[in-house]
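The exercises that follow ask you to read a model step by step, from its ligand site to its strands, charged pairs and surface. Try each task with the structure open before you turn to the solution.

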Amino acid sequence: MKLMGVVNVTPDSFSDGGLYLDSDAAIAHGEKLVRDGADVLDVGGESTRPGAAEVDQAEELRRVQPVVAGLAEAATVSIDTSKLAVAEAAIDAGASIVNDVTALRRDPDMAALCAEREVGVVLMHMPGNPRTMQDNPTYDDVVDDVKAFLAERVEAAVAAGVAEERIWLDPGIGFGKTVEHNLELLRRLAELRGLGRPLVIGTSRKSFIGRIDGSGVDERLGGSIATSVLAVAEGADVLRVHDVAETAQAMRVSEAVLG
Ligand code: HH2
């Protein structure tokens with residue numbers, strides 16, 4: 001199991017917006033997450049929270065490029081973007097994974113870039129885009145629908161030349177899903193094992209936790225850890241989290257109990 005620590009270089013991320021907008025603060029935060037046990041640092045310059053404003057490409061680049069460059073020697077870095085130019089500059093600066101919440105659909109050349117540069121790719125499920133995704137999300141069967149979507153995106157990536165062994169898959173917890181959809185995906189996560197690729201899960205601090213118990217965004221560590229432990233028990237391979245030290249401890253202890 002790997003931990004992916006979140007480094008948001010944004011003014012408006014839903015839980016830590018504005019804390020690491022300054023490059024030095026973001027780099028220091030990433031270095032701390034590595035000391036806390038992160039295996040991968042996921043650097044992002046655009047919030048994907050529901051309704052977030054789209055960030056201009058030049059601005060996104062300006063935010064993430066120095067942070068990726070500052071962290072790439074110390075850690076494996078993924079770049080959380082769906083923009084080709086941002087991914088390309090981040091790879092030049094040392095990123096080795098592209099985490100694209102649109103699963104390579106936003107930019108028609110993204111798959112070819114990932115293939116050519118031989119980077120890892122995270123393909124995530126999201127219906128529509130962050131501006132529209134929470135408008136009455138509906139599925140026939142959320143797990144079957146997400147699974148079919150991810151299978152199709154793997155096929156498209158492989159057809160564009162991305163090596164299948166470089167692909168990780170993510171059902172996109174909180175992206176175009178009701179609370180019940182998120183819970184159902186977590187409950188039946190093992191069904192996505194059939195896709196044959198490592199599974200990434202990001203529940204950290206998300207609003208479905210607050211909808212369950214009324215907790216505010218700063219009060220969701222317990223729920224984040226509970227869902228992370230359960231996700232690993234159901235077969236998650238990578239946990240994308242803000243609170244790396246606490247999650248690492250939860251993993252150590254649950255692994256010790258399970259033997
Ligand atoms: N969640 C967020 C952003 N990127 N990428 C993947 N693969 N999976 C996720 O679950 C995921 C993601 C949202 O979290 P955060 O980055 O903290 O918030 P914001 O998008 O507001 O910056």
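A residue is called near a molecule or strand if one of its heavy atoms lies within 4 Å of it. This is a predicted model, in which local features need pLDDT of at least 70 and side-chain atom pairs count only at pLDDT 80 or more, while totals for chains, interfaces and linings use all residues. Residues are numbered from 1 along each chain as its sequence is written, and side-chain values use heavy atoms, with hydrogens and water left out.

**Exercise 1. Determine which residues come nearest to the ligand, and find polar contacts to its oxygen atoms.**

Solution. Begin with the 17 residues around the ligand, of which Ser13, Ser47, Asp170, Lys206 and His242 come nearest. Next, look for polar contacts, that is, pairs of N or O atoms within 3.5 Å; within protein, one atom must be able to donate a hydrogen and the other to accept it, and residues adjacent in sequence count only if both atoms are side-chain atoms. Phe14 places a backbone N or O atom 3.0 Å from a ligand oxygen, whereas Thr48 and Arg240 use polar side-chain atoms, at 2.7 Å for Thr48 and 2.8 Å for Arg240. Finally, consider accessible area (Shrake-Rupley method, 1.4 Å probe; for residues, only the protein chains shown count as cover): the ligand has 480 Å² on its own, and the protein covers 98% of this.

**Exercise 2. Work out the strand order of the sheet, and locate the bridge partner of Asp42.**

Solution. Helices (H or I, at least four residues) and strands (E, at least two) are DSSP runs numbered from the N terminus, and two strands pair if DSSP finds at least two bridges between them. Eight strands, paired in parallel, make an open sheet in the order β6-β5-β4-β3-β2-β1-β8-β7. Because β6 (167-170) and β7 stand at the edges with a single partner strand each, one side of each has no neighbour in the sheet. Within the sheet, strand β2 (residues 40-44) and strand β3 (residues 76-80) are joined by five bridges, and Asp42 has Ser78 in β3 as its bridge partner.

**Exercise 3. Trace the salt bridges of Arg117 and Arg188, and state which parts of the chain they link.**

Solution. A salt bridge here is a side-chain nitrogen of Lys or Arg within 4 Å of a carboxyl oxygen of Asp or Glu, a rule that gives a count of 19. Arg117 pairs with Asp92, their closest N and O atoms being 3.0 Å apart; this links helix α4 (residues 110-117) to helix α3 (residues 84-92), with the two positions 25 residues apart in numbering. For exposure, take buried as under 20% relative accessible area, exposed as over 50% and partly exposed as in between (1.4 Å probe, protein chains only). Arg117 is partly exposed at 31%, and Asp92 is exposed at 56%.

Turn now to Arg188, which meets Asp141 at 3.2 Å, N to O, and Glu184 at 2.7 Å. Asp141, Asp144, Glu184, Arg188 and Glu191 are linked in a network of salt bridges.

**Exercise 4. Identify the residues that make the nonpolar surface patch containing Val257.**

Solution. Patch residues have over 30% relative accessible area and no salt bridge, with like charges joined within 9 Å and nonpolar side chains (Val, Leu, Ile, Met, Phe, Trp, Tyr) within 5 Å. Val253, Val257 and Leu258 make such a nonpolar patch, of about 350 Å². Val257 belongs to helix α9 (residues 244-258) and is exposed, with a relative accessible area of 69%.
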